[in-house]
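Good morning, everyone, and thank you for making room for me on the agenda. Please take a look at the structure on the screen before I begin.

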Amino acid sequence: MRYTYQDSTDLPVQRDFIQDITDLIEIAGRILPLENDAIEANELEKNAISSLDNRIADLEKFAIDVKSYVKSISQNAENVEILDCHNAIVDACDESVSNGLRNLKKELEQKKKDYESHIRDVEQKMFPLLNSLFEHGIYGAVKAYSVRLDNGVFRGILKASISGVEYESELLYRSEPLLMREVHGNIQLPIWVKTGLIHKENKVKLVDVTEFIITNIDYNGISHLEVVFENKKQDQQFKIIYDSQDIQILHVNSDITADKTLSQSIEMDRIEPLNLELKKYLEMSIMSQKLKKIMLDGRDAIVNNEVFDCLKIIMEQYGDIVRECLDRGFVKNEITIKIERTDGTRTEKYVTKEELFNKLSELGTEGLELASILNVE
């Protein structure tokens, strides 16, 4: 599939932009009421917690003041009755304050539990709604992958960021080992082996790693990628490290690329494209993706009620494409894309500015702010 503007220029994202923008607005319409309710409830709970904290502090201060006063007026007393009265007042104060503090702290602990429970409840409602958006609808994010073979299952973590928004998702790839040949065909790598029955000597041996199992892939989303693969017996392991234009190949702890003799036997024309194939696999072969965390400038966006601010940042990318669609389109106020299928069939898909504005305006002032960012006001 090929996605273009109406003037046949490729879209910066090769996706159905009209569907994505429709989904984004629908998700915003379901998320914002949840966040607004959470803001109101959180404010009440925080005020209640603050009030209890103040009452505890006031009671503790009162106890100190009472005992200090009683001590000051009985400091020089020699009458046993006065001393007994002093002790009785102090004991009664301690007992009363202790009971009061115990009840207040119990109430405070319950309020904090209620607050944490409310946050979890909001997360449970928001994450499923946001998951589909963060699977495919975040344009321009830098995505870092860390994938491991775990009990025969390829699992991973995606950490991505864009303009202060960071998110983390659990990934599931496949339930069987991934072989080197499935990613990039036949590859042989040179190692030193000892040969000879009596007189041992080193000899270069080419190891066919075609059937080796990939156990780890780490990619920082920019230029650094590492892949580890081993044979089924787990007695041969290689690591290839791609960093900008540099390639390093390790066999166990030995650097093959630093060995002048071994490096001459490396087929770099077969090693270099593996980098691109692995990146393609990481992105295109995900079986399931589950959103686990959303951060804004290092803070938990859900706990701090900042999901709307995240949506604004995400929508900025969409707003740029909307503006380009309008500039490159042939019909005023229509956001149009062209879709070319693999069989050569061409279709157009569009939505009007008015349609998008009307949907967003239903969300109140926040929706109007999003409409401005989206360039449909």
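I will go from the overall form to a few single residues, and then to the aromatic pairs.

Please keep in mind that this is a predicted model, in which local features need pLDDT of at least 70 and side-chain atom pairs count only at pLDDT 80 or more, while totals for chains, interfaces and linings use all residues. Residues are numbered from 1 along each chain as its sequence is written, and side-chain values use heavy atoms, with hydrogens and water left out.

Let me start with the whole protein, whose secondary structure comes to nine helices and 16 strands; here helices (H or I, at least four residues) and strands (E, at least two) are DSSP runs, numbered from the N terminus. The radius of gyration is 32 Å, well over the 21 Å that the globule rule gives for 377 residues, so the protein is more spread out than a compact globule. That radius is taken over C-alpha atoms, and the globule rule is 2.2 Å times the number of residues to the power 0.38. Along the principal axes, the C-alpha atoms fill a box of roughly 105 × 80 × 30 Å. Of the 377 residues, 39% count as buried, where buried means under 20% relative accessible area, exposed over 50%, and partly exposed in between, with a 1.4 Å probe and protein chains only.

Now to helix 1, which covers residues 17–73 and holds Ala 63. How far is the C-alpha atom of Ala 63 from that of Ile 25, which is 38 residues away along the chain? The two atoms are separated by 56 Å. At 7% relative accessibility, Ala 63 counts as buried, and, not counting residues up to four places away in sequence, Ala 63 touches Cys 93 and Val 97, where contact means heavy atoms within 4.5 Å.

In helix 9 (residues 365–373) we find Leu 370, which is buried at 0% relative accessibility. Leaving aside neighbours within four places in sequence, Leu 370 has contacts that include Ala 28, Leu 32 and Phe 308.

Two loop residues deserve a careful look at their backbone. Asn 151, in the loop between strand 2 (142–150) and strand 3, has a phi near 50°, a positive value in a residue other than glycine, and at 77% relative accessibility Asn 151 counts as exposed. Asp 297, in the loop between strand 13 (288–296) and strand 14 (299–300), also has a positive phi of about 50° although it is not a glycine, and Asp 297 is exposed, with a relative accessible area of 52%.

Finally, the aromatic rings. Rings of Phe, Tyr and Trp (its six-membered ring) pair if their centres lie within 6.5 Å, and planes under 30 degrees apart count as stacked, over 60 as edge-to-face and the rest as tilted. By this rule the count comes to ten aromatic pairs. One of them is the tilted pair of Phe 154 and Tyr 281, with 6.2 Å centre to centre and 55° between the planes. Phe 154 lies in strand 3 (residues 153–162) and Tyr 281 in helix 6 (residues 274–284), so this pair ties together parts that are 127 residues apart in sequence. Both Phe 154 and Tyr 281 are buried. Phe 212 and Phe 229 form an edge-to-face pair, at 6.4 Å centre to centre and 70° between the planes.
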